[in-house]
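Reader: I would like to go through some of the labels used for this protein. Please give the reason behind each one.

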Amino acid sequence: MALEPQLKSCYCDLHVHIGRTSEGQAVKISGSRDLTFAGIAKEAAQRKGMELIGIIDSHSPGVLRDIRDALESGEMTVAEGGGIAYRGTTIVLGTEIEIREPGRKECHVLAFMPDLAAMSDFSGWMSRHMRNVNLSSQRLYVPARELQDEIYGRGGLLIPAHIFTPHKGLYGCAAERMADLFDLDRIAAVELGLSADSEMAGYLSELDRYTFLTNSDAHSLGKIGREYNVLELAEPSFAELKLALERKEGRRVSANFGLNPRLGKYHRTYCGGCGSIIDESYATSERCPYCGSLKLVKGVFDRILDIADRKTPFVPADRPPYHYQVPLEFIPGLGKAKMNLLLQAFGTEMNILHAAAEEDIAAVVGTELAAHIAAARSGTLALTAGGGGTYGKVAKPGS
(Lines give C-alpha, C1' and ligand atoms only; values in the text may rest on other atoms or scores of the structure.)
Protein backbone atom coordinates (compact mmCIF):
# COMPACT_ATOMS: atom_id res chain seq x y z
CA MET A 1 0.00 0.00 0.00
CA ALA A 2 1.47 3.32 -1.09
CA LEU A 3 2.11 5.86 1.65
CA GLU A 4 0.39 9.22 1.40
CA PRO A 5 2.96 11.97 0.66
CA GLN A 6 3.85 14.33 3.47
CA LEU A 7 2.31 17.73 2.75
CA LYS A 8 4.05 20.99 3.55
CA SER A 9 3.03 24.64 3.58
CA CYS A 10 4.27 26.63 0.57
CA TYR A 11 4.09 30.37 -0.01
CA CYS A 12 2.63 31.16 -3.42
CA ASP A 13 2.07 34.27 -5.58
CA LEU A 14 0.57 33.48 -8.99
CA HIS A 15 0.49 36.89 -10.69
CA VAL A 16 3.89 38.37 -11.53
CA HIS A 17 4.56 40.25 -14.76
CA ILE A 18 7.60 40.23 -17.03
CA GLY A 19 8.88 43.74 -17.76
CA ARG A 20 11.58 42.86 -20.32
CA THR A 21 13.20 39.84 -21.89
CA SER A 22 16.90 39.23 -21.28
CA GLU A 23 17.54 40.94 -24.63
CA GLY A 24 15.70 44.09 -23.50
CA GLN A 25 12.51 43.52 -25.49
CA ALA A 26 9.50 45.07 -23.76
CA VAL A 27 6.80 42.65 -22.57
CA LYS A 28 4.81 44.58 -19.93
CA ILE A 29 5.25 48.23 -20.91
CA SER A 30 4.43 49.44 -17.38
CA GLY A 31 6.62 46.76 -15.79
CA SER A 32 10.08 47.34 -14.34
CA ARG A 33 13.06 46.57 -16.61
CA ASP A 34 14.52 44.17 -14.04
CA LEU A 35 11.39 42.03 -14.14
CA THR A 36 13.02 39.39 -16.33
CA PHE A 37 12.29 35.68 -16.05
CA ALA A 38 15.62 35.08 -14.31
CA GLY A 39 15.29 38.19 -12.15
CA ILE A 40 11.85 37.12 -10.88
CA ALA A 41 13.11 33.60 -10.11
CA LYS A 42 16.01 34.98 -8.10
CA GLU A 43 13.86 37.51 -6.21
CA ALA A 44 11.19 34.92 -5.38
CA ALA A 45 13.65 32.28 -4.20
CA GLN A 46 16.31 34.33 -2.41
CA ARG A 47 14.66 37.49 -1.08
CA LYS A 48 10.92 36.81 -0.90
CA GLY A 49 10.95 33.16 0.15
CA MET A 50 8.21 32.06 -2.26
CA GLU A 51 8.15 28.36 -3.12
CA LEU A 52 5.63 28.74 -5.98
CA ILE A 53 5.51 31.73 -8.31
CA GLY A 54 3.29 32.29 -11.35
CA ILE A 55 4.90 34.29 -14.16
CA ILE A 56 1.96 35.34 -16.28
CA ASP A 57 3.75 36.67 -19.37
CA SER A 58 5.40 33.34 -20.17
CA HIS A 59 3.56 33.16 -23.50
CA SER A 60 5.73 35.88 -25.07
CA PRO A 61 8.11 34.33 -27.65
CA GLY A 62 11.05 36.27 -26.17
CA VAL A 63 10.27 34.96 -22.69
CA LEU A 64 9.94 31.42 -24.05
CA ARG A 65 13.47 31.82 -25.48
CA ASP A 66 14.73 32.95 -22.07
CA ILE A 67 13.15 29.89 -20.42
CA ARG A 68 14.75 27.53 -22.93
CA ASP A 69 18.14 29.22 -22.46
CA ALA A 70 17.87 28.84 -18.67
CA LEU A 71 17.07 25.14 -19.05
CA GLU A 72 19.86 24.52 -21.56
CA SER A 73 22.43 26.28 -19.36
CA GLY A 74 21.41 24.22 -16.33
CA GLU A 75 20.55 27.33 -14.32
CA MET A 76 17.00 25.99 -14.09
CA THR A 77 15.45 22.54 -14.49
CA VAL A 78 12.06 21.08 -15.36
CA ALA A 79 10.12 20.49 -12.15
CA GLU A 80 8.59 17.08 -11.57
CA GLY A 81 4.85 17.59 -11.85
CA GLY A 82 5.18 20.62 -14.13
CA GLY A 83 6.83 24.01 -13.95
CA ILE A 84 10.39 25.33 -13.94
CA ALA A 85 12.53 24.74 -10.85
CA TYR A 86 15.07 27.23 -9.48
CA ARG A 87 16.73 26.89 -6.04
CA GLY A 88 13.71 25.47 -4.22
CA THR A 89 11.20 27.66 -6.03
CA THR A 90 8.95 26.41 -8.84
CA ILE A 91 7.75 28.77 -11.55
CA VAL A 92 4.33 28.03 -13.04
CA LEU A 93 4.02 29.24 -16.62
CA GLY A 94 1.05 31.53 -17.18
CA THR A 95 -0.33 34.33 -19.28
CA GLU A 96 -2.75 37.21 -18.70
CA ILE A 97 -5.26 37.66 -21.51
CA GLU A 98 -7.79 40.39 -22.24
CA ILE A 99 -11.15 39.30 -23.61
CA ARG A 100 -14.20 41.27 -24.67
CA GLU A 101 -17.57 39.77 -25.45
CA PRO A 102 -19.95 41.69 -27.77
CA GLY A 103 -21.77 44.49 -26.00
CA ARG A 104 -19.58 44.24 -22.89
CA LYS A 105 -16.43 45.85 -21.53
CA GLU A 106 -13.12 44.00 -21.50
CA CYS A 107 -11.82 41.88 -18.63
CA HIS A 108 -8.62 39.97 -17.81
CA VAL A 109 -8.10 36.27 -17.16
CA LEU A 110 -5.06 34.20 -16.20
CA ALA A 111 -4.23 30.95 -17.98
CA PHE A 112 -1.64 28.50 -16.63
CA MET A 113 -0.12 25.65 -18.60
CA PRO A 114 1.35 22.40 -17.24
CA ASP A 115 4.71 22.66 -19.02
CA LEU A 116 6.82 24.56 -21.52
CA ALA A 117 5.59 22.56 -24.51
CA ALA A 118 1.95 23.34 -23.72
CA MET A 119 2.71 27.05 -23.22
CA SER A 120 4.66 27.20 -26.50
CA ASP A 121 1.77 25.58 -28.33
CA PHE A 122 -0.75 27.89 -26.66
CA SER A 123 1.37 30.92 -27.58
CA GLY A 124 1.31 29.81 -31.22
CA TRP A 125 -2.47 29.55 -31.11
CA MET A 126 -2.82 32.98 -29.45
CA SER A 127 -0.58 34.58 -32.07
CA ARG A 128 -3.25 33.84 -34.67
CA HIS A 129 -5.93 35.66 -32.67
CA MET A 130 -3.92 38.53 -31.14
CA ARG A 131 -2.33 41.62 -32.67
CA ASN A 132 0.95 41.40 -30.73
CA VAL A 133 1.69 38.15 -28.91
CA ASN A 134 5.01 39.56 -27.65
CA LEU A 135 3.27 41.88 -25.18
CA SER A 136 1.46 41.29 -21.88
CA SER A 137 -2.29 41.35 -21.32
CA GLN A 138 -3.25 41.72 -24.97
CA ARG A 139 -6.75 41.44 -26.43
CA LEU A 140 -7.62 37.99 -27.72
CA TYR A 141 -10.20 38.10 -30.50
CA VAL A 142 -11.92 34.84 -29.57
CA PRO A 143 -15.15 34.12 -27.61
CA ALA A 144 -14.64 33.40 -23.92
CA ARG A 145 -15.87 29.81 -24.12
CA GLU A 146 -13.63 29.05 -27.09
CA LEU A 147 -10.73 30.31 -24.98
CA GLN A 148 -11.79 27.86 -22.27
CA ASP A 149 -11.74 25.06 -24.88
CA GLU A 150 -8.17 25.91 -25.85
CA ILE A 151 -6.90 26.20 -22.27
CA TYR A 152 -8.50 23.03 -20.95
CA GLY A 153 -7.70 21.11 -24.13
CA ARG A 154 -4.01 21.61 -23.27
CA GLY A 155 -4.45 20.58 -19.64
CA GLY A 156 -4.36 24.18 -18.45
CA LEU A 157 -6.15 26.22 -15.78
CA LEU A 158 -8.29 29.36 -16.23
CA ILE A 159 -8.50 31.89 -13.39
CA PRO A 160 -10.37 35.20 -13.83
CA ALA A 161 -8.03 37.97 -12.67
CA HIS A 162 -8.67 40.73 -10.08
CA ILE A 163 -12.36 40.01 -10.53
CA PHE A 164 -13.79 43.07 -8.74
CA THR A 165 -11.57 45.91 -9.92
CA PRO A 166 -13.26 48.56 -12.09
CA HIS A 167 -10.25 48.41 -14.42
CA LYS A 168 -10.77 45.21 -16.43
CA GLY A 169 -12.14 43.03 -13.67
CA LEU A 170 -14.88 40.56 -14.63
CA TYR A 171 -17.43 41.73 -12.06
CA GLY A 172 -15.92 45.19 -11.89
CA CYS A 173 -16.95 46.19 -15.38
CA ALA A 174 -17.76 43.27 -17.73
CA ALA A 175 -20.62 41.28 -16.16
CA GLU A 176 -22.83 40.91 -13.11
CA ARG A 177 -22.45 37.12 -13.20
CA MET A 178 -19.49 35.01 -14.31
CA ALA A 179 -21.96 32.63 -15.99
CA ASP A 180 -22.70 35.42 -18.50
CA LEU A 181 -19.23 34.83 -19.97
CA PHE A 182 -17.92 31.41 -18.99
CA ASP A 183 -18.75 27.77 -18.45
CA LEU A 184 -18.56 27.71 -14.65
CA ASP A 185 -17.37 24.10 -14.62
CA ARG A 186 -14.15 25.14 -16.35
CA ILE A 187 -13.00 27.82 -13.91
CA ALA A 188 -10.14 26.63 -11.69
CA ALA A 189 -10.28 29.46 -9.10
CA VAL A 190 -10.79 33.21 -8.91
CA GLU A 191 -8.37 35.98 -8.01
CA LEU A 192 -9.91 38.53 -5.65
CA GLY A 193 -7.66 41.51 -6.41
CA LEU A 194 -6.16 44.10 -4.08
CA SER A 195 -9.44 45.83 -3.14
CA ALA A 196 -11.51 42.82 -2.03
CA ASP A 197 -11.43 40.03 0.54
CA SER A 198 -13.26 36.73 1.12
CA GLU A 199 -16.12 38.28 3.08
CA MET A 200 -16.81 40.88 0.39
CA ALA A 201 -16.88 38.13 -2.25
CA GLY A 202 -19.40 36.30 -0.07
CA TYR A 203 -22.15 38.59 -1.33
CA LEU A 204 -22.18 36.61 -4.62
CA SER A 205 -23.48 33.05 -4.34
CA GLU A 206 -21.97 31.87 -7.63
CA LEU A 207 -18.51 32.19 -6.05
CA ASP A 208 -19.20 29.77 -3.19
CA ARG A 209 -17.81 26.79 -5.12
CA TYR A 210 -14.43 28.32 -6.00
CA THR A 211 -11.06 28.53 -4.35
CA PHE A 212 -10.03 32.15 -3.75
CA LEU A 213 -6.53 33.40 -4.57
CA THR A 214 -4.78 36.56 -3.39
CA ASN A 215 -1.89 37.50 -5.68
CA SER A 216 0.34 40.54 -6.07
CA ASP A 217 -0.15 41.52 -9.76
CA ALA A 218 3.46 42.69 -9.41
CA HIS A 219 4.83 45.24 -11.89
CA SER A 220 8.18 45.46 -10.06
CA LEU A 221 10.37 43.05 -8.10
CA GLY A 222 9.54 44.75 -4.80
CA LYS A 223 5.80 44.15 -5.26
CA ILE A 224 6.18 40.34 -5.51
CA GLY A 225 4.37 38.83 -2.54
CA ARG A 226 2.47 41.97 -1.46
CA GLU A 227 -0.47 39.53 -1.54
CA TYR A 228 0.07 35.77 -1.46
CA ASN A 229 -1.35 32.40 -0.50
CA VAL A 230 -0.31 29.47 1.66
CA LEU A 231 -0.83 26.12 -0.08
CA GLU A 232 -0.60 22.64 1.38
CA LEU A 233 1.33 20.60 -1.21
CA ALA A 234 3.57 17.55 -1.48
CA GLU A 235 5.97 19.73 -3.47
CA PRO A 236 5.60 22.96 -5.47
CA SER A 237 4.48 22.05 -9.02
CA PHE A 238 1.69 22.61 -11.53
CA ALA A 239 0.10 19.23 -10.76
CA GLU A 240 0.06 19.94 -7.02
CA LEU A 241 -1.33 23.44 -7.63
CA LYS A 242 -4.18 21.95 -9.64
CA LEU A 243 -4.99 19.53 -6.81
CA ALA A 244 -4.91 22.39 -4.29
CA LEU A 245 -7.33 24.52 -6.31
CA GLU A 246 -9.63 21.50 -6.60
CA ARG A 247 -9.22 20.78 -2.85
CA LYS A 248 -8.33 17.14 -3.54
CA GLU A 249 -6.14 14.57 -1.74
CA GLY A 250 -5.54 16.94 1.15
CA ARG A 251 -4.05 19.64 -1.06
CA ARG A 252 -5.63 23.02 -0.54
CA VAL A 253 -5.19 26.73 -0.08
CA SER A 254 -4.93 27.00 3.70
CA ALA A 255 -4.65 30.80 4.01
CA ASN A 256 -4.94 33.99 1.99
CA PHE A 257 -2.74 36.94 2.93
CA GLY A 258 -3.77 40.26 1.46
CA LEU A 259 -4.07 43.96 1.92
CA ASN A 260 -6.95 45.15 3.99
CA PRO A 261 -9.34 46.18 1.19
CA ARG A 262 -9.24 49.73 2.52
CA LEU A 263 -5.64 49.94 1.26
CA GLY A 264 -6.62 48.86 -2.27
CA LYS A 265 -6.56 51.64 -4.81
CA TYR A 266 -10.08 50.93 -6.09
CA HIS A 267 -11.82 50.17 -2.78
CA ARG A 268 -14.21 53.13 -2.62
CA THR A 269 -16.03 55.20 -5.21
CA TYR A 270 -13.91 58.11 -6.43
CA CYS A 271 -14.73 61.41 -8.14
CA GLY A 272 -12.68 62.13 -11.24
CA GLY A 273 -13.78 65.76 -11.07
CA CYS A 274 -12.48 66.84 -7.68
CA GLY A 275 -10.47 63.79 -6.61
CA SER A 276 -12.60 63.03 -3.55
CA ILE A 277 -13.19 59.53 -2.21
CA ILE A 278 -16.94 59.33 -1.67
CA ASP A 279 -18.31 58.62 1.78
CA GLU A 280 -20.32 55.40 2.08
CA SER A 281 -23.61 57.22 2.67
CA TYR A 282 -23.30 58.98 -0.71
CA ALA A 283 -21.73 56.17 -2.77
CA THR A 284 -25.03 55.18 -4.44
CA SER A 285 -25.65 58.66 -5.86
CA GLU A 286 -24.87 59.51 -9.49
CA ARG A 287 -23.22 62.84 -8.71
CA CYS A 288 -20.30 63.73 -6.48
CA PRO A 289 -21.71 65.23 -3.24
CA TYR A 290 -18.71 67.58 -3.07
CA CYS A 291 -18.51 69.07 -6.58
CA GLY A 292 -21.53 67.71 -8.46
CA SER A 293 -19.44 65.94 -11.11
CA LEU A 294 -20.81 62.87 -12.89
CA LYS A 295 -17.26 61.47 -13.29
CA LEU A 296 -17.59 58.81 -10.61
CA VAL A 297 -15.48 55.63 -10.68
CA LYS A 298 -17.45 52.95 -8.83
CA GLY A 299 -15.40 51.46 -6.01
CA VAL A 300 -15.05 47.72 -5.54
CA PHE A 301 -17.14 47.52 -2.37
CA ASP A 302 -19.88 49.70 -3.83
CA ARG A 303 -19.95 47.64 -7.05
CA ILE A 304 -20.25 44.40 -5.06
CA LEU A 305 -23.24 45.78 -3.16
CA ASP A 306 -24.82 46.78 -6.48
CA ILE A 307 -24.62 43.28 -7.98
CA ALA A 308 -25.00 41.22 -4.77
CA ASP A 309 -27.60 38.45 -4.66
CA ARG A 310 -27.36 38.28 -0.86
CA LYS A 311 -28.12 40.88 1.79
CA THR A 312 -25.33 39.60 4.03
CA PRO A 313 -22.11 37.83 3.02
CA PHE A 314 -21.76 34.06 3.36
CA VAL A 315 -18.36 32.41 3.85
CA PRO A 316 -18.38 28.61 3.25
CA ALA A 317 -16.96 26.45 6.03
CA ASP A 318 -14.12 25.22 3.80
CA ARG A 319 -13.00 28.75 2.93
CA PRO A 320 -9.49 29.40 4.35
CA PRO A 321 -8.93 32.37 6.65
CA TYR A 322 -8.16 35.71 4.99
CA HIS A 323 -5.43 37.48 6.92
CA TYR A 324 -5.06 41.24 6.58
CA GLN A 325 -1.38 41.97 6.26
CA VAL A 326 0.38 45.16 5.30
CA PRO A 327 3.36 44.57 2.99
CA LEU A 328 6.74 45.41 4.48
CA GLU A 329 7.26 48.19 1.93
CA PHE A 330 4.19 50.04 3.31
CA ILE A 331 5.50 50.16 6.87
CA PRO A 332 6.43 53.66 8.09
CA GLY A 333 10.13 53.97 8.88
CA LEU A 334 11.23 50.75 7.18
CA GLY A 335 13.70 52.01 4.59
CA LYS A 336 16.14 50.16 2.38
CA ALA A 337 19.00 50.05 4.89
CA LYS A 338 16.91 48.63 7.73
CA MET A 339 15.22 46.20 5.37
CA ASN A 340 18.64 44.88 4.35
CA LEU A 341 19.55 44.41 8.02
CA LEU A 342 16.39 42.35 8.51
CA LEU A 343 17.12 40.23 5.45
CA GLN A 344 20.66 39.59 6.65
CA ALA A 345 19.28 38.45 10.00
CA PHE A 346 16.27 36.40 8.88
CA GLY A 347 16.95 35.46 5.25
CA THR A 348 13.67 36.19 3.44
CA GLU A 349 10.65 38.47 3.70
CA MET A 350 8.44 35.47 4.48
CA ASN A 351 10.67 34.70 7.46
CA ILE A 352 10.39 38.30 8.66
CA LEU A 353 6.60 38.19 8.36
CA HIS A 354 5.97 34.70 9.71
CA ALA A 355 8.92 33.27 11.64
CA ALA A 356 10.82 36.09 13.35
CA ALA A 357 9.74 36.99 16.88
CA GLU A 358 9.06 40.66 17.63
CA GLU A 359 11.89 40.75 20.19
CA ASP A 360 14.33 39.32 17.64
CA ILE A 361 13.28 41.96 15.10
CA ALA A 362 13.69 44.62 17.79
CA ALA A 363 17.26 43.47 18.39
CA VAL A 364 18.02 44.25 14.73
CA VAL A 365 16.07 47.46 14.00
CA GLY A 366 14.78 48.72 17.35
CA THR A 367 11.59 48.35 19.36
CA GLU A 368 9.52 51.03 17.58
CA LEU A 369 9.99 49.56 14.11
CA ALA A 370 9.53 46.04 15.47
CA ALA A 371 6.17 47.13 16.90
CA HIS A 372 5.15 48.53 13.49
CA ILE A 373 6.06 45.24 11.80
CA ALA A 374 4.12 43.26 14.41
CA ALA A 375 1.10 45.52 13.90
CA ALA A 376 1.41 45.15 10.12
CA ARG A 377 1.37 41.38 10.18
CA SER A 378 -1.52 41.26 12.66
CA GLY A 379 -3.57 43.73 10.61
CA THR A 380 -3.81 46.34 13.35
CA LEU A 381 -2.15 49.33 11.67
CA ALA A 382 -4.45 52.32 11.18
CA LEU A 383 -5.51 52.82 7.54
CA THR A 384 -7.15 55.41 5.32
CA ALA A 385 -9.26 54.16 2.41
CA GLY A 386 -7.97 54.07 -1.16
CA GLY A 387 -9.92 54.92 -4.29
CA GLY A 388 -9.68 56.11 -7.89
CA GLY A 389 -6.30 54.49 -8.52
CA THR A 390 -4.64 55.77 -5.33
CA TYR A 391 -3.65 53.35 -2.58
CA GLY A 392 -4.87 53.85 0.95
CA LYS A 393 -2.28 54.90 3.48
CA VAL A 394 -0.84 53.42 6.64
CA ALA A 395 -0.49 55.52 9.76
CA LYS A 396 1.98 54.86 12.55
CA PRO A 397 0.39 53.12 15.53
CA GLY A 398 -0.79 55.71 18.02
CA SER A 399 -0.56 58.60 15.57
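**Reasons behind the labels**

Author: Both Tyr228 and Phe257 are buried. This is a predicted model.

Reader: Why is the pair of Tyr228 and Phe257 called stacked?

Author: The ring centres of Tyr228 and Phe257 are 5.0 Å apart, with 10° between the planes. Rings pair if their centres lie within 6.5 Å, and planes under 30 degrees apart count as stacked, so both conditions are met. Tyr228 lies in strand S10 and Phe257 in strand S11 (residues 252–258), so the pair ties together parts that are 29 residues apart in sequence.

Reader: What makes the pair of Tyr11 and Tyr228 edge-to-face?

Author: A search of the whole structure finds five aromatic pairs. In the pair of Tyr11 and Tyr228, the centres are 5.9 Å apart and the angle between the planes is 80°. Planes over 60 degrees apart count as edge-to-face, so the label applies. This pair links distant parts of the chain, with Tyr11 in strand S1 (residues 8–16) and Tyr228 in strand S10 (residues 228–233), 217 residues apart. Tyr11, Tyr228 and Phe257 form one aromatic cluster.

Reader: Why does Glu349 count as buried?

Author: Its relative accessibility is 10%. Buried means under 20%, so Glu349 counts as buried. Glu349 is found in helix H10 (residues 349–354). Leaving aside neighbours within four places in sequence, Glu349 is in contact with Arg47, Lys48, Leu328, Met339 and Leu343.

Reader: What makes strand S5 (residues 89–99) mostly covered?

Author: The count is 11 buried residues out of 11 in S5. Thr89, Ile91, Leu93, Thr95, Ile97 and Ile99 point one way from the strand, while Thr90, Val92, Gly94, Glu96 and Glu98 point the other way, and all are buried.

Reader: How do you know that S5 pairs with strand S2 (residues 52–55), S4 and S6?

Author: Two strands pair if at least two bridges are found between them. S2 and S5 run parallel and are joined by four bridges, so they pair. One of the bridge partners is Ile91 in S5, opposite Ile53. Strand S4 (residues 84–86) and S5 have three bridges in the antiparallel sense, so they pair too. Here Tyr86 stands opposite Thr89. S5 and strand S6 (residues 107–113) run antiparallel with seven bridges, so the condition is met again. Ile99 stands opposite Cys107 in S6.

Reader: What makes Arg319 lie over the face of Phe212?

Author: Arg319 is at 3.6 Å from the ring centre of Phe212. The distance limit is within 6 Å, so Arg319 meets that part of the test.

Methods: Residues are numbered from 1 along each chain as its sequence is written. This is a predicted model: local features need pLDDT of at least 70, side-chain atom pairs count only at pLDDT 80 or more; totals for chains, interfaces and linings use all residues. Side-chain values use heavy atoms; hydrogens and water are left out. Helices (H or I, at least four residues) and strands (E, at least two) are DSSP runs, numbered from the N terminus. Buried means under 20% relative accessible area, exposed over 50%, partly exposed in between (1.4 Å probe, protein chains only). Contact means heavy atoms within 4.5 Å. Rings of Phe, Tyr and Trp (its six-membered ring) pair if their centres lie within 6.5 Å; planes under 30 degrees apart count as stacked, over 60 as edge-to-face and the rest as tilted. A charge sits over a ring if NZ of Lys or CZ of Arg is within 6 Å of the ring centre and within 35 degrees of the ring normal.
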